Amino acid sequence: MKNMKEKLNKFLSLIIVVAAVGFVLTAYYTFFGGSDVDLEGKNKLKIPEILDDLNADPGIAEFKLEAGISQTEFTKGRLTPTLGYNGSYLGPVIRLVKGQDVSIVVENNLNEWTTIHWHGLVVDGENDGGPMQGIASGETWNAKFKVEQPASTLWYHPHFAGTVANQVYYGLAGLIYIDDEFTDTMSIPKDYGIDDIPLVVQDRNFNIDGSFDYRVSMMGVDKGDKILVNGTLDPYFIVKREKVRFRLLNGSNSQNFSFRLSNRAEFLMIASDGGFLEKPLKKEAIFLSPGERAEIVVDFSEFNDKSVKLVSNDDLILELVIDGELEKSPDIPEELAEVADIAADEASNTRIFELQSMGISGTINGKYYDMNRIDERVDLNATEYWIVRNVGGMMATGHPFHVHGTQFQVVSRNGEKPTPEESGHKDTVYVDVGEEVVIKVMFKKEGLFMYHCHILEHEDRGMMGQFIVE
Ligand SMILES: [Cu+2]
């Protein structure tokens, strides 16, 4: 009898211990853990490397990039033929500082021509990497320039006439960060890969064998049913309960994104294409057409959820797993930077650009791109108003209008003052069907430059013009 009682007591003790352990574990994961978020089949977000500066002098930066043919395992066990810079897909972040003299040697190890364009960088025509600076297979090209613009998130990608869409789709693109005299001491998240996260977002289609299924027809481009973020399929990223900055690039060929958080929480937009806005802007969603960038700060200390999703409409972009204890992160300053006003007046020259779609191709002012024709001549240091109209066309779409060699300001959209998110400097502006956007542009660099639609299939099929600054 006594024996029975002892056994029962032991059994009850065991149950209590098991229950207690269970309770403690549950409580631990409830408060601290993200481990009950189902990450089955998901991949940890890749963070691009920062490209080594080969010159120890802080005033001089020397870089080497190599465009090559490779394969990438987006899905376990399946290899996708891809292109990449210094790697299998996409490229490293080129980190520049305002005032630096920069040299970048680009080696073309593809079996076709390419160029490399520094999108958003204000440099002269010869170093811009447009269609005129073609690099033959096996050759190198050396771009040299001085960084003269404020802190910003820019990017680089090929620009050889007719092959841009394909080369970007297969993986040729990367980010450029510029730091300036203010960024070191600014109270914003800036720990690269920890609370300052690059997000290169691209839509893609895959075949069953793992290869890309890049579908283009006369009608247009098929939207990819998969999303790659920094070349990661089904990505997740673990953040702390603190403020995290995301540098978003719409790196897609033709798809627009409207980014928001799954819990519909507000975040702060702090920068657009050309750098910081004057003041942080509270937003619930951010629209980016191909080529456009935005920097946002999300305060994860405000969320009780264990996971929040970055989505675009109903598409999952990135699962953000919130892990760890509450971290005290500093307030974002109410004044971020001074956005230099581009001085233009009634005397400034005005030009009109009419964008017209024809399914997969399109024209600007009724003309297809011709590398032997200069479309516009601009005086060095002139400031001009450019009126950009989307006049529709067959299977009309919106067009992201990009101007090389400058950062411009949006003056008006359909006669109205632009929204605050368009108040900073920009190099790409979305013009929807029927819209008219007026920009003021300053031309501080000499040479031959492009303006074009940043739907890469449109650009490749002629929706581009050339201007010379002299
Ligand atoms: Cu277009």
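This is a short dialogue on reading a predicted model with a copper site, two domains, a pocket and cavities.

Trainee: Where do I start with the layout of the chain? Which domains does the assignment give?

Mentor: Start with the domain bounds, then look at how the parts meet. Here the assignment gives domain 1 (32-336) and domain 2 (349-469). Their C-alpha centres lie 23 Å apart.

Trainee: How many residues of each domain are in contact with the other?

Mentor: Count both sides of the interface. In this model, 50 residues of domain 1 are in contact with 37 residues of domain 2.

Trainee: Now the metal. Which residues coordinate the copper ion?

Mentor: Look for donor atoms, and name the atom as well as the residue. The copper ion has His399 (ND1), Cys453 (SG) and His458 (ND1) as its coordinating residues, at 2.0 to 2.1 Å. Water is not among the atoms, so the site may look incomplete.

Trainee: What spacing do the donors follow along the chain?

Mentor: Read the donors in sequence order. The pattern is H-x53-C-x4-H. Histidine 399 sits in strand β28 (residues 399-403), and cysteine 453 in strand β32 (residues 447-453). These two are 54 residues apart, so the pair links distant parts of the chain.

Trainee: Are histidine 399 and cysteine 453 buried or exposed?

Mentor: Check relative accessibility against the cut-off. Buried means under 20%. Histidine 399 is at 0%, so this residue counts as buried. Cysteine 453 is at 1%, and therefore also counts as buried.

Trainee: Next, open spaces. What volume does the largest pocket have, and which residues are closest to its centre?

Mentor: Take the volume, then the lining. The largest pocket has about 550 Å³. It is lined by 28 residues, and the closest to its centre are Gln149, Pro150, Glu338, Ala340 and His425. Sorted by class, the lining holds 12 nonpolar, nine polar and seven charged residues.

Trainee: Why does the largest pocket lie between domain 1 and domain 2?

Mentor: See who supplies the lining. Domain 1 (32-336) and domain 2 (349-469) both contribute lining residues, so the pocket lies between them.

Trainee: And enclosed spaces? How many cavities of 30 Å³ or more are there?

Mentor: The count is three cavities of 30 Å³ or more. The largest cavity holds about 50 Å³ of space. Its lining includes Tyr169, Asp203, Arg204, Tyr214, Arg215 and Asn253. By class, the cavity lining has three nonpolar, four polar and four charged residues.

Trainee: How do I read a single residue? Where is serine 312 found, and what does it touch?

Mentor: Go from element to accessibility to contacts. Serine 312 belongs to strand β22 (residues 307-312). At 2% relative accessibility, serine 312 counts as buried. Leaving out residues up to four places away in sequence, serine 312 touches Phe257, Ser258, Phe259 and Ile317. The C-alpha atoms of serine 312 and isoleucine 286 are 9.1 Å apart, with their positions 26 residues apart along the chain.

Trainee: Let me try a loop residue. Where is the place of isoleucine 374, and which residues does it touch?

Mentor: Isoleucine 374 is in the loop between β25 (361-364) and β26 (376-378). Its relative accessibility is 31%, so isoleucine 374 counts as partly exposed. Beyond residues up to four places away in sequence, isoleucine 374 touches Leu448, Gln466 and Ile468. Isoleucine 468 is 94 residues away along the chain, yet the C-alpha atoms of isoleucine 374 and isoleucine 468 are separated by 6.9 Å.

Notes:
Residues numbered from 1 in each chain as written. Predicted model: local features only at pLDDT ≥ 70, side-chain atom pairs only at ≥ 80, totals over all residues. Heavy atoms only, no water. Donors = N, O, S within 2.8 Å, 3.2 Å for Na, K, Ca; no water. Helix = DSSP H or I, 4+ residues; strand = E, 2+ residues; numbered from the N terminus. Buried < 20%, exposed > 50% of the residue type's maximum accessible area, 1.4 Å probe, protein only. 1 Å grid on protein atoms, 1.4 Å probe; cavity = no way out; pocket = protein on both sides within 12 Å on 5 of 7 lines; lining within 4 Å. Points joined across faces, edges and corners; volume = space filled by probe spheres on them. Nonpolar A, V, L, I, M, F, W, Y, C, P; charged D, E, K, R; others polar. Domains from an automatic or database assignment. Contact = heavy atoms within 4.5 Å.
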